Amino acid sequence: MKSQASSPFWVPIYAFLLTIISGGLLLKLDICHPGKTLSLIDAIFTATSAVCVTGLAVVDTGSFFSRTGQSVILALIQLGGLGIMTYASLVIYLLGKKVSASDRIAVSQTLIHDPSFNIGRFIVGVVAAVLSIELIGAFLLNRMDPHGFAPYSAIFHSISAFCNAGFSLYPDSLSTWKDNVGINAVFMALIVLGGLGFYVLIELWQKLCDYIFRKKRPITAHPISWQTHVVLETTLILIIVGAVAIWLAESLRAHVIPNFESNELSALFQSVTCRTAGFNTLDISSMTNVSLIFMIFLMVIGGSPGSCAGGLKTTTFRALFAFVSAKIRGRSQVRVGWYALTEDSINKSLTLMALAGAIIGIAVILLSITEGGNIPHTQARGHFIEIFFETVSAFATVGLSTGITTKLTFSGKIIIISLMFVGRLGPVWLLTAINSWQKEPRYKLPEDDLSLG
């Protein structure tokens, strides 16, 4: 009998683990940081953060690592951004070998949750599109600031931005360019494109080509698919609402004289980046608790399915919002855009929210113990809001921090590593993998109503 551990849902878990371990061992080599010492736990932490495209760092990437070490991190980011299974299947496809059914299911779940698509053609298109976008982003960054973004730096930051990794070669991330509209625009475009999802990107590219070359397409009621419409609409709403909320929270501080133009741009950038990218143009540790709470909310939602981003995903948020709205309004169907959701979609969304909440809650409690959050405020190494922020940032693979990452204890680093790993795979995938070991009972219990609320 075939072992359940060989289920295709476990393949990406094995692939990510192997890549993280290999990356950690490489980063441990002296050539990656000549004359400096990096502990094994810090090497594994950095490798996990890179592969899981998170961006949390226990050492400064630009000054601590050599060009070789930075290149290893960049390779791990690129591998983690598209998913290890994507590259493995691409190599097999290009070599002319048949892609296994396990690989097909694993990659389809990673990218578009549709096992019926043409895996070879789709993956080639995805990789070509991603590399093209990253090269264009690097070119624009270099042209706008040749000194700040030399060719290598431009490539590093372009890949890090598109993959929503948040790794930067500068200790203050992008604070130097907080008022530079062009640099901010390039980074925001890369981050948004990386968080839309590969299926959405391919569809938009095909629509653009059809429009440019005037190809005749079948007449449909809507120019884009329902999934793409929901993703684009939700992404835009979250960006605008997040920017306004952060701008108001920071501008209304009594001891700050707001500079409308710079605060507005910075608020917009933070609204975009805290949905799993991890770059910052503001000092996160100096932001108000109100701003941090709004950012936590955005981080939990994250990007869209089949993208480089983490979090619950925009479609899950829309499903949950529509479910609550339908119940309040007394509607029997849960409508999102043009269609009503199936019961299975609603159940999956509720399960995902509950599982994510449980994981975050347990991690906050554990970190509060390991990082001294359970002792008096004046003696605590990390306040509750900082620990909560760090936990959500790791789980949603964002990478923003209030500054406690470098102060984490050994146990704290293990917890954050676990959060980044689970967050990158996605709790739904992990739950599916675990469920592959379970068997449906051959009996049913009698049903009854339970008094609720």
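**Cavities, unusual backbone angles and aromatic contacts**

A search of the whole structure, which is a predicted model, turns up two cavities of 30 Å³ or more. The largest cavity encloses about 90 Å³ of space. Its lining is made up of Asn164, Ile191, Val192, Gly195, Leu196, Thr235, Ile239, Val272, Arg275, Thr276, Gly303 and Ala309. Two elements, α9 (181–196) and α11 (226–251), each give two or more residues to this lining. The greatest share comes from α9, which supplies four residues. Sorted by character, the lining of the largest cavity has six nonpolar residues, five polar ones and one charged one.

One of the lining residues, Thr276, is also worth a look for its backbone. Thr276 is found in the loop that runs between α12 (260–273) and α13 (289–301). The phi angle of Thr276 is near 105 degrees, which is a positive value in a residue other than glycine. Is Thr276 buried or exposed? With a relative accessible area of 0%, Thr276 counts as buried, because that value is under the 20% cut-off.

A second threonine invites a similar look. Thr397 sits in the loop between α16 (384–395) and α17 (410–425). Although Thr397 is not a glycine, its phi is positive, at about 50 degrees. The relative accessible area of Thr397 is 0%, so this residue is buried. To bring the two threonines together: Thr276 has a positive phi and is buried, and Thr397 likewise has a positive phi and is buried.

The aromatic side chains offer another way into the model. How many aromatic pairs does the structure hold? The count comes to 11 aromatic pairs. Among them is the pair formed by Phe64 and Phe65, whose ring centres are 5.2 Å apart. The planes of Phe64 and Phe65 meet at 75 degrees, and the pair is edge-to-face. The angle earns that label because edge-to-face applies to planes over 60 degrees apart. Both Phe64 and Phe65 are buried.

Elsewhere in the sequence, ring pairs join several residues into a cluster: Phe149, Tyr170, Trp177, Phe187 and Phe279. An aromatic ring can also have a charged side chain placed over it, as Tyr152 shows. Here Arg67 lies over the face of Tyr152, at 3.9 Å from the ring centre.

Technical notes: Residues are numbered from 1 along each chain as its sequence is written. This is a predicted model: local features need pLDDT of at least 70, side-chain atom pairs count only at pLDDT 80 or more; totals for chains, interfaces and linings use all residues. Side-chain values use heavy atoms; hydrogens and water are left out. Buried means under 20% relative accessible area, exposed over 50%, partly exposed in between (1.4 Å probe, protein chains only). On a 1 Å grid over the protein atoms alone, a cavity is a set of points where a 1.4 Å probe fits but cannot get out, and a pocket is an open set with protein on both sides within 12 Å along at least five of seven lines; lining residues have an atom within 4 Å of a point. Grid points are joined across faces, edges and corners, and a volume is the space filled by probe spheres set on the points. Ala, Val, Leu, Ile, Met, Phe, Trp, Tyr, Cys and Pro count as nonpolar, Asp, Glu, Lys and Arg as charged, and the others, Gly among them, as polar. Rings of Phe, Tyr and Trp (its six-membered ring) pair if their centres lie within 6.5 Å; planes under 30 degrees apart count as stacked, over 60 as edge-to-face and the rest as tilted. A charge sits over a ring if NZ of Lys or CZ of Arg is within 6 Å of the ring centre and within 35 degrees of the ring normal.
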